[in-house]
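Student: Please take a close look at a single part of this complex. I would like one connected account, with the reasoning kept in view.

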Amino acid sequence: MGKYKAKIGLEMHCEISETKTKVFSSAKNEYTEQANSNIRPVDMAFPGVLPVVNKEAVRMALMASMALKCQQPAYMYFERKNYYYPDLPKGFQLTQETKPIPVGIYGEVTFECNGEEKRVRINNLHLEEDAASLDHYDDYSTIDYNRAGVPLLELVTEPDITSAEEAVAFLEHMRSVYQYLGISEADSKKGQVRCDVNVSIMDENLDENDPHNWGTKIEVKNVNSFGGVRDAIKYEIKRQTKLKENNEYDTMEQQTRRWDEESGTTIYMRSKVDAIDYKYFVEPNIPKFKISSEWLKEIKASIPRLAYDRKKEYMTKYGLSDYDASILVKQKDISDYFEETVSLGCDAKQVANWTNGMILSYLNSKEISINEFFLNPYMLKELIDLINAKTISSKQGKEVFAKVLEKQKSPQEIVKSEGMMQITDTSELDQIIDEVIRENPEQVASYDPERPKILDYFIGQIMKKTRGKANPATASQLMKEKLNDLQK
Amino acid sequence: MKYMNKSIEELHEMLVKKEVTSAELIKESLEMSHKIQDECNAFVTILDDAQPVEVTDNLLSGIPCGLKDNYSTKDILSTGSSNTLKDYVPFFDATAVSKLKAAGAVFVNKTVMDEFGMGGTGTTGHTGTVLNPWDKTRMTAGSSAGSAAAVAAGVYPYATGSDTGDSIRKPAAYCGIVGYKPTYGMISRYGLFPFASSLDHLGVMTRNVKDAAIVVDAMKGIDKNDMTSWDSSHIHLRESLDGKVKGKKLCYVKEIVDLSNYENPSAELKEHIANFMKTVELCKSLGIEVEEVSVDKTLLNASPAVYVVISCAEATSNMSNLTGIIFGPRGQGDNYIEMMKDHRTKGFSPLIKRRFVIGSYVLQSQNQERYFRNAQRVRRLLVDAWKDLFKKYDGVILPVGSGPAKHLDGSKDILDKDTAVLEEHLQIGNFGGFPSITIPNGFISNLPVGVNITGNCYDDANVLNIAYALEEAMDYKNQIAKEV
Amino acid sequence: MSSKFTKEMVDDYADKLLIGLTEEENASVLAEFEIIDETINTINKIQDIEKVEPMTHCLDDFEYELREDEPEESCALEDILKNCDVTNGREIEVPKVVGE
């Protein structure tokens, strides 16, 4: 970009997918293909219906507010945002404007982008309801109200982001936060995450703390994937830079644009002066309610350690690589599994290797989650212990792993029932070595302690006879001793 | 008329003693419904197939009644007296309706109202004007116009109403009956078509205070579908009526009642105030202390505007669901905006449209502070003023309106700056959610007039008991309208 | 009376509410605006009015419990569509929505 720097702010809407019911109605909060099958009268605004606030949705929203280091309100209200659109059955959306205080204000998020630590200030976080979904056909559109009333968290950042990559890193971080908190799958493929992006550019050599130096804010609406966010920001920076270079920037009005996925461009929607007046006012049907400090304490105590902190810990405390730590914390249940196994007394690096290697590839191939995975942390410890005690070889470990899952038995049981105990007993090995020496006189004669390559051949023979159960190190040691003795 | 002029307790006793059957009551009530429909145009729907129900211990079982047409009734047309819902048949009952059903109440008709309750004349319903059974050239007032006319005419002992400004209590006065709206949230609003949510109350119209207590006992209760409802299981209105009022304290507001506040008071107004003062004396003779109090006149004068601003603002938002998409007649148009606009333009009456525009204006971000929020602020000041009175007094007693029912040809429903606070003071009962009851207290020009008692929130039993004692001391209990 | 309220303004507000007004309706809105505005002027003269907390709810000393997260059965499709004039399969049909 050269002479300019970008100021980017995000509005991230994320559905809360983990409540059982919608935010103001007791219809199921569940994604389904069957249209209009999760409906209570409230969701379609039949005359006389009233909103009733879901406690669990509020709890989750407060939890998110705390995770973003926001302040929580002492009392909570909802407000009506009034406008007409076919996907909005009431003619208003229940949401929270900044006055009175929404579920969270003035927070801060620390995240990582390309190995660098970044901070973004959060202006506010509010709890609101999703709209119905429209399907468009050639001559008409149809409305499915299943999504109407699904709880939605809207997070509004300050324009602290400076690049498209940083914006995406922030969103990925937030997705992980929501997943770790257990409040949303945050899956943009299911339409659960949607963003509006604010982009402006300013001369690089000016002081960015002085608002006078800021450029004109362009809002890009309806960006529904992280890739879209990246592309829309890049496009806008390019477009605005070009305007600067053509001396057209200063006449550009503050405006709202829309991201067009197909053409990869942003399209003018309306000017700031035509902005809709949403006529916000406090919803009288929802009495203000007190958020007790006891409840806040309870919620705070239930917040798990988040991915960002876990990753740091894995690297500093356990000496794991950035790569390994990143993979481990990607999903909370995997990270929990890892931590539980380590807490049983296993070596973190070994557990990480197993988790990131055999276990993840098994889960992926079977398309199951770790909660459905038979080999629990206790079994993983058993397996690692068996290897560390040299009862089985590492190679055998992999076989045992497969058998455990196939036969649904513990590693100990598998090793026993499959007769996979390594032979470390020297007298047993002695006999076998003697046999091998007897059967291979020529090779024995050619043995040269200075060039012990032939040793591998003997080990191979021993493994063949023991069907791999000989402990390779022990066998090798004994064989060497025998051959040396013979030479003398 | 053999039965429908009787009280609920009388009818219940007759039913229990098998002197009459539920079917016979329904038959008479339906006959009366058709008669009053012809004479007064009181009903949107008459339920000719109403079925008798088993008579139980419940006082309401087997007895006919009417429901205002903004009560959502399962499988029964519910229009709110609006063309926007002229064919709307709900698939669920309002909570209050379910409760009445469970008590064994039999619904025989749905009553006409001012469109969505947004009027005080009974002239703006989509099925036309409701006429006052005492004098067909006069209005019933509104919005619970059909309910008031029907109860006054003896169609049944009670009908439900709703009250956002005075919509139960003013038509009750004009029709010579009892109109009671309990404390806000005592009866669930679930299934009541909203006008202004922070002011809307459900209530009842009857011909005596005890009947009002009986019906509200059945309708009230906390409801999981209405967050503003509260648990009143400890309140038993009928049982608490003992008529013992000695030592109770009432007050009336000088700025409202003193004739010197009105330029050129009409003869009717003078008579009305004189009649009210007679009622005050009657209260005193019952051992009730009644005192004159003073309230800041600026606040009182602001009250009508506060009401218009808040009610119109909430209404314009509440009725944004009326687009003809999910229910209501589908509008014409090539795109959704034209389609919605066609539905709304054709569906709403001029009065409502006007109120929507006002409501929208006062909510605009650049106007909200000056109009809407200031109105909400004065609302608080007025409520605080009344709450101050309730620290000392059991209730505020005031005349309803400026006299008897007005002539229909003179009806207007535009906020008039000269409108006396006298016409509008009942709104304060809605601002604060106070329990408030109107009972008939005499006749002027051969037409009934009413008096209102309003008490503090949750103090319904006390308010009703005072009204009960006062009613007993006057001659207007259980009166049936007769053409004058 | 010269006024800050104009016919055009009233029409614009009505239009945003998706309502068409006749000339007569427009005129009566204007008349009522004047009256309201006058009263509001008196309100604005009340001392320290801005310090009063706006009363947004009817009972604002009111405490209540939030709803437990327990689902209720979905309404029957037949019920939710029975008052709709234009349906399409399980859904409600409207003229094609273009724009935002």
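Tutor: What follows starts with one helix of chain A, then turns to a strand and to the contact with chain C.

The model is predicted. The predictor gives the complex an ipTM of 0.97 and a pTM of 0.91.

Take helix 9 of chain A, residues 377-388. Does its length fit its residue count, or not? Count 1.5 Å a residue, using one less than the number of residues. The 12 residues of helix 9 of chain A should therefore span 16 Å, and the end C-alpha atoms are indeed 16 Å apart.

Next, the surroundings. Helix 9 of chain A is mostly covered, with 9 of its 12 residues buried. Buried here means 20 or more other C-beta atoms within 10 Å of the residue's own. The buried residues include A:Pro377, A:Met379, A:Leu380 and A:Leu383. Two charged names also appear in that buried set: A:Lys381 and A:Glu382. What do the buried residues of helix 9 of chain A pack against? Their partners are helix 7 (332-343), helix 8 (348-366), helix 10 (394-407) and helix 11 (411-417), again of chain A. After helix 9 of chain A comes A:Lys390, with a positive phi near 65°.

Now a strand. Strand 9 of chain A covers residues 151-157; 5 of its 7 residues are buried, so the rest of the structure largely encloses it. Strand 1 (residues 4-15) of chain A pairs with strand 9 of chain A through 5 bridges, running antiparallel. There, A:Glu15 stands opposite A:Leu152. Strand 6 (residues 116-129) of chain A is also antiparallel to strand 9 of chain A, with 7 bridges. In that pairing, A:Leu125 faces A:Leu155.

Last, the contact between chains. Chain A gives 36 residues and chain C gives 27. On the chain A side, helix 1 (55-67), strand 7 (133-136), strand 8 (140-144) and strand 15 (289-290) each supply at least two residues. Strand 8 of chain A has the largest share, 5 residues. By class, the chain A side holds 17 nonpolar, 10 polar and 9 charged residues. Strand 8 of chain A also runs antiparallel to strand 2 (residues 91-95) of chain C, joined by 4 bridges. One bridge pair is A:Thr142 with C:Glu93.

How far can chain C be trusted? Chain C averages a pLDDT of 89, and 95% of the residues score at least 70. Among its elements, helix 2 (residues 23-45) has the lowest mean pLDDT, 85, and helix 3 (residues 77-81) the highest, 98. Where pLDDT is low, predicted coordinates should not be read in detail.

Note on methods
Residues numbered from 1 in each chain as written. Chains lettered and ligands numbered in written order. Predicted model: local features only at pLDDT ≥ 70, side-chain atom pairs only at ≥ 80, totals over all residues. pLDDT = per-residue confidence, 0-100. Contact = placed C-beta atoms within 7 Å. Pairing = 2+ DSSP bridges.
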